[in-house]
Amino acid sequence: MKIQTLAFAAAAFISSAALAQQNVEVLHWWTSGGEAAALNVLKSNLEKQGVKWNDMPVAGGGGEAAMTAVRARVTSGNPPTAVQMLGFDITDWAKQNVLADLNELAAKEGWDKSVPKALQQFSKHNGKWVAAPVNVHSTNWVWANKEVLTKAGVTTEPRTWDEFIAAAEKVQKAGFVALAHGGQPWQEATVFDGVVLATGGVDYYRKAFIERDPATLASPTTEKVFQRMSQLRKLVDKDFSGRDWNVASGMVISGKAGFQIMGDWAKGEFINAKKVPGKDFLCFRIPGTQGSVTFNSDQFVMYKVGADKAAAQTKLAGAILDPAFQSAFNVVKGSAPARTDVSDAAFDACGKKAIKDLAEANSKNTLVGSIAHGHAAPASVKSAFYDVITRHFNGQLDDKKAAAALVAAAKS
C-alpha cells in the first residue's frame, strides 16, 4: 500500500514538474494597441494547451532594439524560446547554428505545401525549417480618413501618382495634415518601398534593390524616386520627427490627417479603434503599384533549447501555423495569412483585398521583398539605404546627391 502511495506521489510530482516546464519565453516588438490585441490570440491558444507565455516585449517598431536584446541573451547562453524576426535577420542567425530544427513538425503539418515559397526563403535554411511564419504583411498601402477626404473635396480614390499628390494637396489646403508620418528611418524607408515600386515598376525594383545591379541603381529612375520622396516631404507636418508609426495612424483615425503610407499593420490600429473599412477609412495600394506587392513576414525564430523546453516550443510553432489561428490572428493584425489554404471568409474588405493581391502577386512573380523590412537586402545594406533615405528626407541631401549616395550604399 505504501509502495502504491509512493508511486502515485512520484507520478504526481513528475506530472507537476512537467506542467511547470510547459512555458515559452517570447521576445517581440508588438507593443501597440492593435499588435497587442493580435498577439493575445496566440497567447490564449497556448494557454488552452497548458503552455504559459512569458512575455518579453521590446518597443521599437522595426525590431532593432529587439535584436540587441537577443544577442545579449544568446551570447550568455540563455536564448529565449522564440524571437520575432524578419527576413535576412533570420538567415544571419541560422548561419550561426543556434536555431532549432522544425522539420519533423513541418513535415507532419504540411508546411512545404501551404507556406508561400517567397516566405520559405527565410523560414528555411539549408533545407531545415528554423522559423514559423505568422503572416504576410505588405508595405505598399495607403490609409485614408474618408471624412477628411470628403471635406477636402477628394471624391475619388487616386489611381496615379499625380492624382495622389493632387489629392494630398487638397487635403493640406483644407487645413488638415496631408500625410501623417513618423520621422524614423524605418518609416521613411517603408514609404520608399512604395515610391520605388510606383516609379520604376517591379522589374526596376527587383534589379535595383534585390539584385542591386549598379547600372539600374545609377539610372535616372532612381533620381526620380527621390524627386517623388521630396514631393511627399512637403506634405507632412512640422512635428513629424521621431513620431511613432501608430501615433501617425492615430492622426488619420482621429481626423487630423488625410493619408498615411504604411504597411498593413496600420489596419490593426483602425480596427482597434472600432473603425470600419469603406465607411470610416479607405485602404488602397500606393497609386502605380496595384498588381505588385512588397512584402515582409513576421516569423517566430525558434532557438535551440534544452530537452525540458522542447515540447512547449513545438506546441508554440504548431500553434503559430494552425489555420484557425492564422485566420483569427491576421483578421486582428491586418495582415494576410502565412498559409495559402486559409479562407478569407472572416476578413473585412481590406483583408480580402490583401489576400487577393498576395495571391495575384505570388502567381505573377510580382511579390518582392520589402527594402525597409529586411526582405530585399541583408542588414548591412538595409542600414546603408536607411541612412541615405532618411538624410534625403530630412533635407541633408538633394535628389541627385541622394541617388548617387544610394549607388554607393548598395556596395556596402
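Hi everyone, let me begin with a pocket. The lining of the second largest pocket divides into 7 nonpolar residues, 2 polar ones and 1 charged one. Before going on, please keep in mind that we are looking at a predicted model.

So how much space does this second largest pocket hold? Its volume is about 150 Å³. If you want to find the pocket on your screen, look for its lining residues, among them Pro116, Arg339, Thr340, Val342 and Asn362. Two elements give two or more residues to this lining, namely β14 (336-337) and α17. Helix α17 has the largest share, with 4 residues.

Now let's go from pockets to cavities. Rolling a probe the size of a water molecule over the atoms shows where empty space is left. Here the count comes to 2 cavities of 30 Å³ or more. I'll talk about the second largest cavity, which has about 40 Å³ of space. Which residues line it? They are Val136, His137, Ser138, Asp264, Arg285, Val293, Ala336, Ala354 and Leu358. By class, that lining has 5 nonpolar, 2 polar and 2 charged residues. Both β7 (135-138) and α17 supply at least two of the lining residues, and the largest share, 3 residues, comes from β7.

You may have noticed two familiar names there. Ala336 and Leu358 line the second largest pocket, and Ala336 and Leu358 also line the second largest cavity.

Let's stay with α17 for a moment and turn to the cysteines. A disulfide is a covalent bond between the sulfur atoms of two cysteines. How many disulfides does a search of the whole structure find? The search finds 1. The partners are Cys283 and Cys350, with their sulfur atoms 2.1 Å apart. Cys283 sits in strand β11 (residues 281-285) and Cys350 in helix α17 (residues 349-364), so the disulfide ties together parts that are 67 residues apart in sequence. Are these two cysteines buried or exposed? Cys283 and Cys350 are both buried. There is a handedness to report as well: the torsion about the S-S bond is about -105°, so this disulfide is left-handed.

Next, a helix to practise on: α12, residues 220-233. Helix α12 has 14 residues and reaches 20 Å from its first C-alpha to its last, close to the 20 Å expected at 1.5 Å a residue. Which of its residues are buried? They are Thr222, Val225, Phe226, Arg228, Met229 and Leu232. These buried residues cover an arc of only 155° around the axis, which puts them on the same side of α12. The spacing idea behind this is a handy one to remember: an α-helix has 3.6 residues a turn, so residues three or four places apart point the same way.

Last, two residues with backbone angles worth a look. Most residues other than glycine have a negative phi. Asn126, however, has a positive phi near 50°. Where is Asn126? You will find Asn126 in the loop between β4 (124-125) and β5 (128-129). Asn126 counts as exposed because its relative accessibility is 73%.

The other one is Lys274, which is not a glycine either and has a positive phi of about 65°. Lys274 lies in the loop between α14 (266-272) and β11, and β11 is the strand that holds Cys283. With a relative accessible area of 70%, Lys274 is exposed.

That's my tour, and thanks for listening!

Conventions
Residues are numbered from 1 along each chain as its sequence is written. This is a predicted model: local features need pLDDT of at least 70, side-chain atom pairs count only at pLDDT 80 or more; totals for chains, interfaces and linings use all residues. Side-chain values use heavy atoms; hydrogens and water are left out. A disulfide is a pair of cysteine sulfur atoms within 2.5 Å. Buried means under 20% relative accessible area, exposed over 50%, partly exposed in between (1.4 Å probe, protein chains only). The expected span of a helix is 1.5 Å times one less than its number of residues. The arc is that of the directions from the helix axis to the C-beta atoms. On a 1 Å grid over the protein atoms alone, a cavity is a set of points where a 1.4 Å probe fits but cannot get out, and a pocket is an open set with protein on both sides within 12 Å along at least five of seven lines; lining residues have an atom within 4 Å of a point. Grid points are joined across faces, edges and corners, and a volume is the space filled by probe spheres set on the points. Ala, Val, Leu, Ile, Met, Phe, Trp, Tyr, Cys and Pro count as nonpolar, Asp, Glu, Lys and Arg as charged, and the others, Gly among them, as polar.
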